[in-house]
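Reader: I should like to learn how strand pairing and backbone geometry are read from a model. May we take the features in turn?

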Amino acid sequence: MKRHTLSLLALATTQLAALPPSEVSITIVGDKRVITSNGIPDHPTGQFPGPRNPNTISEQNQSFQVPAAPEIAAQTTPLGMHPFGVAVNGVVLDPGAAEWWNRDRFSGWQYEPLSGVIDLGTDQSNAHVQPTGTYHYHGIPHELIQNLTGGRPQMVLIGWAADGFPIYGEWGYSDPTDPESGLTLLTSSYAVKQGTRPSGPGGTYDGSFVEDYEYVAGLGNLDEANGAFGPTPEFPEGIYHYHVTDSFPFIPRLFKGTPDSSFFRGGPGGPGGARRFAGPSGGGRQGGPGTSGGPPPFGGGPGGANSGNGFPPPPPGGGPPPGMGRGGFPPPPRGGFRDRR
C-alpha cells in the first residue's frame, strides 16, 4: 500500500512538471474584478491523458469579469451549462457535466458527475479535462486548498463566483455571524428525494442525477445556494459568500446575485447561458418533477414547464429503450463518459 501511494505521488508530480507554469491575474478595473488566466493549475494533477480521461491539459485564454461590489438579486438564478466561478489560481469551478440519461440532453435528467455512477476520470482535486484541454473542478479542489492552507483548517478564499460573491472552502464559522465562534466543517442542506422518478430513467431516487436532489431548509449549515451571510477574513464587515462542500451540490448550483455573461458559453442566451432556464427557482420540498417551480433540482423537473435544464420536456410515452445498462441506465459511450463540451 505504501509503495502504491508513493507511485501515485510520483505520477502527480510528473504531471505537474510537464505542464506550463500557471498564470493568473486578478485586478480591480472600475467596478469590475477582472480575472485572466491560462487555466493551468498550480498543483499536482491526475494523469491526463489517461485510461479514464483521454484529454490533455492545455493552456487556455480565459478572461472573466465579475462585480467588485456584488449585490443580492431579487431572486436566485440557477446555474446553466457554464462555470459557476473561477478559483484564485485561474482554474474554473464547473460542477455540471454534459452527460445525460439515454445520451439525450432533452431528457431532463442530467448525470451528477460526483455521484459515482459515471466515471469522468476525476483526480484528487475532483477535476478532469474537457476535450478543449480545459482543466476544471467539479468539487472541492483539495490540492488548491492544501496549497493555500498547508493542510490547516481555516476559512479560506478559494475563488470568485460569476456574480462577484466570494467562494470559500468547506470550513466556516460555527455561527456565520460571529468570527469568534470557532471553525466547523460546513454541510449543505440538500438531500436525495424520497420515492421514484416519474419519467426518464425511472427507478428510486438515489443521487445519480442532478434532479434527484432537493433543498431541505435547515438540514445543514448553508442555504439553497450553498452559502451564508456574515463576516469572512477578507470581509470582516460581512458579505454573502458561498462554500464548496463534500456533498451535493459540491460547488453551488444557484446564484444569489446576477452572473456575468463572461462566464456563459456562447454569450448571454447562448449555449450554457442563464436564459436557457425559465421561471424562478423553487425551494424546499414543494418542487419536484412535473412542477413549474423552476428547473431541477430546485423546483421543476422532467415533464414540467421547466423540464431538465431549460430544454423542452421529452415526448410523452417515452421509456428506457432496448439496450439499457444496469439500473435502467444506458451503457457508457465507447471510451467512457467524458464531459463532452
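Author: The following exchange treats a sheet, then two cis peptide bonds, then two residues with positive phi. Please keep in mind that this is a predicted model.

Reader: Which strands form the open sheet, and in what order?

Author: A sheet is read by following its strands from partner to partner. Here three strands make up an open sheet in the order β1-β2-β3, with antiparallel pairing. Because β1 and β3 each have a single partner strand, they stand at the edges, and one side of each is left without a neighbour in the sheet. From one strand to the next, the twist averages 20 degrees.

Reader: How many bridges join β1 to β2, and what lies between these two strands?

Author: Strand β1 covers residues 24-29 and β2 covers residues 32-37; six bridges join them, and they run antiparallel. At the residue level, V29 has K32 in β2 as its bridge partner. The two strands form a hairpin with two residues between them. In that turn, G30 has a positive phi of about 65 degrees.

Reader: How is β2 joined to β3, and which residue stands opposite I35?

Author: Six bridges also connect β2 with β3, residues 62-67, and this pair runs antiparallel. Opposite I35 stands F64 in β3. As for the side chains, in a regular strand they alternate between the two faces of the sheet.

Reader: Let us turn to the peptide bonds. What is omega for the bond from F48 to P49, and where is P49 placed?

Author: One reads omega for the bond in question and then locates the residue. The bond from F48 to P49 is cis, with omega near 0 degrees, and P49 belongs to the loop between β2 and β3. Another cis peptide bond leads from F248 to P249, where omega is near 15 degrees. P249 is found in the loop between β16 (239-243) and β17 (254-255).

Reader: Which residue in the loop between β16 and β17 should I examine for its phi, and is that residue buried or exposed?

Author: The residue is F250, which is not a glycine yet has a positive phi, near 65 degrees. F250 lies in the loop between β16 and β17. Buried means under 20% relative accessible area, so F250, at 9% relative accessibility, counts as buried.

Reader: Where is N126, and what is its phi?

Author: N126 sits in the loop between β6 (92-93) and β7 (127-129). Although N126 is not a glycine, its phi is positive, about 55 degrees. With a relative accessible area of 18%, N126 is buried.

Key: Residues numbered from 1 in each chain as written. Predicted model: local features only at pLDDT ≥ 70, side-chain atom pairs only at ≥ 80, totals over all residues. Heavy atoms only, no water. Pairing = 2+ DSSP bridges. Helix = DSSP H or I, 4+ residues; strand = E, 2+ residues; numbered from the N terminus. Axes fitted to C-alpha atoms, helices over the stretch in contact; angles between N-to-C directions. Buried < 20%, exposed > 50% of the residue type's maximum accessible area, 1.4 Å probe, protein only.
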